[in-house]
Structure formats: structure tokens, C-alpha cells
Amino acid sequence: MLTLLGPLHSALAADGPPPEQLASQADALYKAGPAKWGCDEAVFTTILANINEKHCAALQEKYMESTPNKGSAKRTLWEDVKSQMSKNLEYAVLTRLMTKWEFLSRRIYKACKGFGTDEETICRILATIPK
């Protein structure tokens, strides 16, 4: 029972992830993505599905610090996911990398962008926001 609740407990921990865990997860994500030909999506989904928003933000920072540079620019997890994945899985992983409010604001922007407004999407988002 404890083995099943271990990832959930660490995902809900308020004090944040230990630095050695961040380093190993950032390394695993790099090795599963840009460091090899193709992409091992299972590693991305396993790591990102078991962490909270605070842990995810810290992981993105650690990833940028620990991965080799791409030319003169630092490599970001967001850019590597966009270059390695496509379609629905890319959307799901990128959504996981965003904060809740960043995701909702992007959805509202897309609903208002272009010809016409997607009122249904805007109503759904506004109905889910707590007071």
C-alpha cells in the first residue's frame, strides 16, 4: 500500500522536492528526449504525472541549469518537448508544464482570437474558477 501512495505523497508534499530528486528527474527527461534519437514518452508521462505544480516549476529550472546549451542559448524543457513530441501528447505535456492560471489564460486568449469568439469555452473556464 505504501508503494502505491509514495508518488502521491511526494506530489502533495508542501515543502518541495529534494534537490537530488530534481537532478535525477531532469537528467532522465533529457536522456529520454533530446539526448537520443526519438523520444521515450513514457519517461515524460511518468515523471510529470506524479509531481505537483511547485515541483514542476522547480524541475523546469533544474532542467535548464543541468542540460547542455543549445548553441549560445540555454535549453528549456518547453522547447525540447515541442521539438520532440507532436499532437495530443505534446499538448498534454505542455499543459502540464504550465501553471493553472497560465493554462486558463491561454485558453481564453485562443477562444477570443481570430474571427468570432468561442463563448462556450469562455463560459466553461469562468464556471470552473473558484470565487
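1. **Helix names.** A helix here is a DSSP run of H or I with at least four residues, and the numbering starts from the N terminus. E90 lies in helix α6. Keep that label in mind, as E90 returns in point 8. Note also that this is a predicted model.

2. **Overall make-up.** The protein has 8 helices and 0 strands. Along the sequence the pattern reads α-α-α-α-α-α-α-α. There are 131 residues, and 26% of them count as buried. Now take the contacts between residues at least 6 apart in sequence. Of these, 53% join residues at least 24 apart.

3. **Confidence.** The mean pLDDT of the protein is 79. A value of 70 or more is reached by 85% of the residues. Residues 1-6 are a weak spot, with pLDDT below 50. That stretch makes 0 contacts beyond near neighbours in sequence. Residues 8-12 also have pLDDT below 50, and they make 5 such contacts in the model. Where pLDDT is low, the predicted coordinates should not be read in detail.

4. **Helix α4: length and start.** Helix α4 runs over residues 53-66, which makes 14 residues. From its first C-alpha to its last, α4 reaches 20 Å. That is close to the 20 Å expected at 1.5 Å a residue. What caps the N-terminal end of α4? The cap is N52. One of its side-chain oxygens lies 3.3 Å from the backbone nitrogen of K54.

5. **Helix α4: two sides.** Which residues of α4 are buried? They are H55, C56, L59 and Y63. These four cover an arc of only 95° around the axis, so they sit on the same side of α4. E61 and E65 are on the other side, and they are exposed. The buried residues have several partners. They pack against α2 (19-32), α3 (41-49), α5 (77-84) and α6 (87-97).

6. **Helix α8: two sides.** Look next at helix α8, residues 119-128. Its buried residues include T121, I122 and I125. They span an arc of only 100° around the axis, which means that they share the same side of α8. The face turned away from this buried side carries E119, C123, R124 and A127, which are exposed. What do the buried residues of α8 pack against? Their partner is α7.

7. **Salt bridges within a helix.** A search of the whole structure finds 4 salt bridges. One of them joins D27 and K31, with the closest N and O atoms 3.0 Å apart. Why are D27 and K31 about one helical turn apart? Both are in helix α2, and they are 4 residues apart, so about one turn separates them. D27 has 35% relative accessibility, so it counts as partly exposed. Another salt bridge links E102 to R106, where the closest N and O atoms are 3.3 Å apart. Both residues lie in helix α7 (residues 100-112). They are 4 residues apart, about one turn of the helix. E102 is partly exposed, at 31% relative accessibility. R106 is partly exposed too, with a relative accessible area of 40%.

8. **E90 and K82.** A salt bridge also joins E90 to K82. Their closest N and O atoms are 3.2 Å apart. Is E90 buried or exposed? E90 has 14% relative accessibility, so it counts as buried. The cut-off for buried is under 20% relative accessible area. K82 stands at 44% and therefore counts as partly exposed. Leaving out residues up to four places away in sequence, E90 touches V81, K82 and M85.

9. **An unusual angle at K87.** K87 has a positive phi of about 55°, although it is not a glycine. Most residues other than glycine have a negative phi. Where does K87 lie? Its place is in helix α6. K87 is exposed, with a relative accessible area of 69%. That value is worth setting beside E90, which lies in helix α6 and is buried at 14%.

Methods
Residues numbered from 1 in each chain as written. Predicted model: local features only at pLDDT ≥ 70, side-chain atom pairs only at ≥ 80, totals over all residues. Heavy atoms only, no water. Helix = DSSP H or I, 4+ residues; strand = E, 2+ residues; numbered from the N terminus. Expected span 1.5 Å × (residues − 1). Buried < 20%, exposed > 50% of the residue type's maximum accessible area, 1.4 Å probe, protein only. Arc of directions from axis to C-beta. Contact = heavy atoms within 4.5 Å. Polar contact = N/O pair within 3.5 Å; in protein donor to acceptor, adjacent residues only side chain to side chain. pLDDT = per-residue confidence, 0-100. Salt bridge = Lys/Arg side-chain N within 4 Å of Asp/Glu carboxyl O.
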